[in-house]
Structure formats: structure tokens, C-alpha cells
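Hi everyone, thanks for making time for this. Please open the structure on your screens, and we will walk through it together.

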Amino acid sequence: MKISILVDNTPGLTTKAEFGLSYFIEHSNHTILFDAAQTDLFLANAKIMGLDVTYTDYIVLSHGHFDHGDGLENLDGGTLVCHPGSFAKRYGKNSNRYIGLKLSRDDMANRFNLIETDKPFNLFDGAYFLGEIPRLSEFESQTTPFAFDDETPDFVMDDSALAFTTEKGLFVVTGCGHAGIINTLEYAKAVTGIDKIYGIIGGFHLKENNRQTKETIAYLKANSVERIYPSHCTALPALAAFHKEFSISQIKTGEVINL
């Protein structure tokens, strides 16, 4: 399994960055474009990295925020998998800034073979789109800085993830982790029937070294997770705590992670 970091918040030596996330995933002779960040930067960085990401088995959108899906306007064709709630009109609760997708559901359906599901979806043998992740822990996804256009709270219920089976256990890929990392990993176990978690990469949506961050670290340690890559929307206080416990390195665009 190989994950190429097309876009993240930190630039590499030859690749640029923007606030967003896009990964190119190769597993079991299949390819997935996971998120497309904000602009066409994922294509520019892919070219520098010697990758053609315009033709993949699947395009997966983790959730309907601009920094994960607006780059999709630079593609035309292919199969796009996402939660049906991804196309909601959503805003920052305090700023009233629009943070939803630029393209509508109809736009996406015209560009792609659109598969919308809130249930787990088997992409191919050993790869699962998790669908809507149950919010079960008492300390994850308890508050939200987002709102819908009718001003009701938006807990980003469309936030999903990918789970891959490997010889060493589950490897999970998150976009932002709005559902909570523990909720996400527990659901990945339930969907796949595999209890061993080998690793996780993506946005953890942890902003402070608070209870949620400490509980997440304790959970990862209790489950003996070997490969841990918090990135994108994981803020410095949380990253520092992860570095102290796991000696992590900062994820940069242009990096390739082999598993």
C-alpha cells in the first residue's frame, strides 16, 4: 500500500501547499484519489511527483468542505463516492463565511458517476468507504463551529473515512476526523470485523492538548497502533502532544508513505 501526499498544509521541497488535503492511494492494484483540496494544486503536485491522478478506480470525498472538495472542479469523469450530506450549504458559525462545496450535487452528477451512500461501501477487496460514522464517545463531536444555512448546528455528519485491510491490520485514512478519531476507528473495526489497527493518517481535527487529544493518544497506545500520521487540521498543541508520545514527523506535500 502506498499513499502519496498531493496536498497538505505544509509544502515539501519541490511541491507547494494550501489549506486542504488530497491523497493518491495505491492498494491491491487499485487506485483512489481521496479528496482534492481547494484548487488544481493536487494536479500540479502530482505532475511534479510523476503521478497521473486523472484516471483512478475511485474518487472519494471525505466530506463536503471546500478545502477537501473544491478541487474536484478540475476533474471530469470517473466514479465519485461520498455521503449524500456532502452537498449541504454550510457556514462558519461565527464568521458566516461559506465553507461548503462550490459545485452542487447536480454539478457533481454531471461530471462523475456519483455514488452517494451513508452506509459502508466496499470499494474493492480490502478497501471500504465507511459512510456515516456513529458518534458514540462522550468527548468527541460534542460541539461544532459550523452551521447550516438555516442557522442550525452542523456537526458534519457526512464526515467519513477509508479503511483498508493489510497483513498487519487496519489502516484508516481520514479527511478531517470531524466524527472523532476514536469513533472512526471503532466503526472501522465494526465494518471490517478486524480489531487490529495498524495505522491512521489524515486530519484528526484536534486543536488543543485537551481531554479529547489525551483520550485519543491513550486509545492509540492501548490499541498498539504502529503508524500514526496526524496532519491537515490537527493544530500545533495537539501535534506537539502526539510528537511527545509517538515521535511523529510533520506531513508535507510530496511525501510518499509506503506501508
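I will start with the whole protein, then take the sheets, the aromatic rings and two loop residues.

A quick note before that. What you see is a predicted model, in which local features need pLDDT of at least 70 and side-chain atom pairs count only at pLDDT 80 or more, while totals for chains, interfaces and linings use all residues. Residues are numbered from 1 along each chain as its sequence is written, and side-chain values use heavy atoms, with hydrogens and water left out.

So, the overall picture. The protein has six helices and 15 strands; these are DSSP runs numbered from the N terminus, with helices being H or I of at least four residues and strands being E of at least two. Its radius of gyration is 17 Å, close to the 18 Å from the globule rule for 259 residues, so the protein is as compact as a globular protein of that length. That radius is taken over C-alpha atoms, and the rule is 2.2 Å times the number of residues to the power 0.38. If you drew a box around the C-alpha atoms along the principal axes, it would be roughly 45 × 45 × 35 Å.

How much of the protein is buried? Buried residues make up 55% of the 259 residues. Here buried means under 20% relative accessible area, exposed means over 50%, and partly exposed is in between, using a 1.4 Å probe and protein chains only. The accessible surface comes to about 11,100 Å², and 48% of that belongs to carbon and sulfur atoms. Those areas come from the Shrake-Rupley method with a 1.4 Å probe, and for residues only the protein chains shown count as cover. As for contacts (heavy atoms within 4.5 Å), take those with a separation of 6 or more: residues 24 or more positions apart account for 70% of them.

Now to the sheets. Strands of a sheet pair through backbone hydrogen bonds, either parallel or antiparallel. For our purposes, two strands pair if DSSP finds at least two bridges between them.

One open sheet has seven strands in the order 7-5-4-3-2-1-15, with mixed pairing. Strand 7 (113-116) and strand 15 (256-258) stand at its edges with a single partner strand each, so one side of each has no neighbour in the sheet. The twist averages 20° from one strand to the next. Find strand 1, residues 2-7: three bridges join it to strand 15, and the two run antiparallel. In that pairing, S4 stands opposite V256 in strand 15. Helix 1 (residues 41-48) lies across strand 1, strand 2 (22-27) and strand 3 (30-34), running at about 125° to strand 1. For such angles, axes are lines fitted to C-alpha atoms, for helices over the stretch in contact, and values run from 0 to 180 degrees between N-to-C directions.

The other open sheet to look at has six strands in the order 8-9-11-12-13-14, again with mixed pairing. Which strands stand at the edges? They are strand 8 (121-124) and strand 14 (227-231), each with a single partner strand, so one side of each is left without a neighbour in the sheet. Strand 13 (residues 197-203) and strand 14 run parallel and are joined by five bridges. Across that pairing, I201 has Y229 as its bridge partner.

Next, the aromatic rings. Rings of Phe, Tyr and Trp (its six-membered ring) pair if their centres lie within 6.5 Å; planes under 30 degrees apart are stacked, over 60 edge-to-face, and the rest tilted. The count comes to six aromatic pairs. One of them is Y91 with Y98, edge-to-face at 5.3 Å centre to centre and 65° between the planes. Y91 is partly exposed at 26%, and Y98 is partly exposed at 29%.

F242 and F246 form a tilted pair, with 5.9 Å between centres and 35° between planes. Both sit in helix 6 (residues 236-246), four residues apart, about one turn of the helix. F242 is buried at 0% relative accessibility, whereas F246 is partly exposed at 22%. Ring pairs also link F204 with F242 and F246 into a cluster.

Finally, two loop residues. S28, in the loop between strand 2 and strand 3, has a phi near 50°, a positive value in a residue other than glycine. H232, in the loop between strand 14 and helix 6, also has a positive phi, near 50°. Are these residues buried or partly exposed? S28 is partly exposed at 43%, and H232 is buried at 6%.

Thanks for listening!
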